[in-house]
Amino acid sequence: MRVGVFHFPTDYGIAPAELAAALEERGFESLFVCEHTHIPTSRLSPFPGGGELPKRYSHTHDPFVALAFAAAVTQRLRLGTGICLVPQHDPIVTAKAVASLDMLSGGRFEFGIGGGWNKEEMAQHGASYETRFKLMRERVLAMKALWTQEVASFSGEFVKLEPSWSYPKPVQKPHPPILLGGESDLTLKRVAAYCDGWIPRGGAGFDPAEAKVRLAKAAVAAGRDPASLSMTVFRAPAEAKALEAYRAAGVERVLLEVPDLPREEVLKLLDRLAPLAAG
């Protein structure tokens, strides 16, 4: 089982390049970064975690820029979005960013995606909360066309792409792994329909063995080989004993949380977590 981390890359915390280099030095497998383009001050959408929205949500770097800096100072570290809010991104521009990052990193990118929860944030991007998952699906399919076809085109309800050239193409074939976040049965149907893996959130009440069974059932129902769909558990417990259950269940990757703290504090935390990456 691979052990990576997820992190909100902020303008006041450890720099992405410093974090990436420290992770690779300590044997971690991957760095996944969170994103929000902005946070409207109206705050009509309640924070899913309850209480006030943490400061980090409105201070994140652009994920692709942050990961480019991380790629430049590492050789082996996998680099992922955790997650990219696809309904808030133009698919042509995003396909270019993904392909460029994958090529320039030597094929190390993982495309974690999601629909989002902040209604007013996505509305300012022209996306509707009610149709965000339909929009996400079409944008992902259009991006797949841009990554895999020499002359790409797509026609859907929300996305229209006339025959076009788009380069570079990703190093990973047919494209970087697409991993969808969420926990619902509908999420699993979407994973099996057009993704390569699933990112459920760990923590209290999460049963990795049960989650693997749910993923396998969704794959079979969609006519896919369960082995073709991976599981990356977001916010897994940072305890060796707890992680044994994840390993025994066949979870492919876990992501431990690295908070939005200054460099010295983060490095001390990584030193404490490093034995988990080696185990």
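## Exercises on a predicted model

Leaving aside neighbours within four places in sequence, Lys212 touches Met231, Ala249, Gly250, Val251 and Glu252. The model behind these exercises is a predicted one.

**Exercise 1.** Determine in which helix Lys212 lies, and decide whether Lys212 is buried or exposed.

*Solution.* The first step is to place the residue, and Lys212 belongs to helix α7, which covers residues 208–221. The second step is to compare its relative accessible area with the cut-off, under which a residue counts as buried when the value is under 20%. Lys212 has a relative accessible area of 18%, and therefore Lys212 is buried. The third step is to recall the contacts beyond its sequence neighbours, which include Met231 and Glu252.

**Exercise 2.** Work out how strand β2 is covered on its two faces, and find the strands with which β2 pairs.

*Solution.* Begin with the general pattern, in which side chains of a regular strand alternate between the two faces of the sheet. In β2, residues 30–33, one side carries Ser30 and Phe32 while the other carries Leu31 and Val33, and all of these are buried, so that both faces are covered. Next, take the pairing with strand β1 (residues 2–7), which is parallel and rests on three bridges; here Val5 has Leu31 of β2 as its bridge partner. Between these two strands the chain passes through helix α1 (residues 16–25), and the resulting β-α-β crossover is right-handed. Finally, β2 is joined to strand β3 (residues 78–85) by four bridges, again in the parallel sense, with Phe32 facing Gly80 of β3 as bridge partner. Together with helix α2 (residues 63–72), β2 and β3 form a right-handed β-α-β unit.

**Exercise 3.** Follow the sheet onward from β3, stating how many of its residues are buried and how many bridges join β3 to β4.

*Solution.* Burial comes first: seven of the eight residues of β3 are buried, and the strand is thus mostly covered. On the side of β2, Ser30 has Arg78 of β3 as its bridge partner. Turning to strand β4 (residues 109–114), five bridges join it to β3, and the two strands run parallel, with Leu79 matched to Phe109 in β4. The chain makes this passage from β3 to β4 by way of helix α3 (residues 91–104), in a right-handed β-α-β crossover.

**Exercise 4.** Compare the reach of helix α5 with its expected span, and state how many of its residues are buried.

*Solution.* Helix α5, residues 132–148, contains 17 residues and extends 24 Å from its first C-alpha to its last, close to the 24 Å expected at 1.5 Å a residue. For burial, 12 of its 17 residues qualify, which leaves the helix mostly covered; among them are Arg132, Glu138, Arg139 and Lys144, along with Leu135 and Trp147.

Notes. Residues are numbered from 1 along each chain as its sequence is written. This is a predicted model: local features need pLDDT of at least 70, side-chain atom pairs count only at pLDDT 80 or more; totals for chains, interfaces and linings use all residues. Side-chain values use heavy atoms; hydrogens and water are left out. The expected span of a helix is 1.5 Å times one less than its number of residues. Buried means under 20% relative accessible area, exposed over 50%, partly exposed in between (1.4 Å probe, protein chains only). Two strands pair if DSSP finds at least two bridges between them. A crossover is right-handed if, with the strands pointing away from the viewer, the path from the first strand over the helix to the second runs clockwise. Contact means heavy atoms within 4.5 Å.
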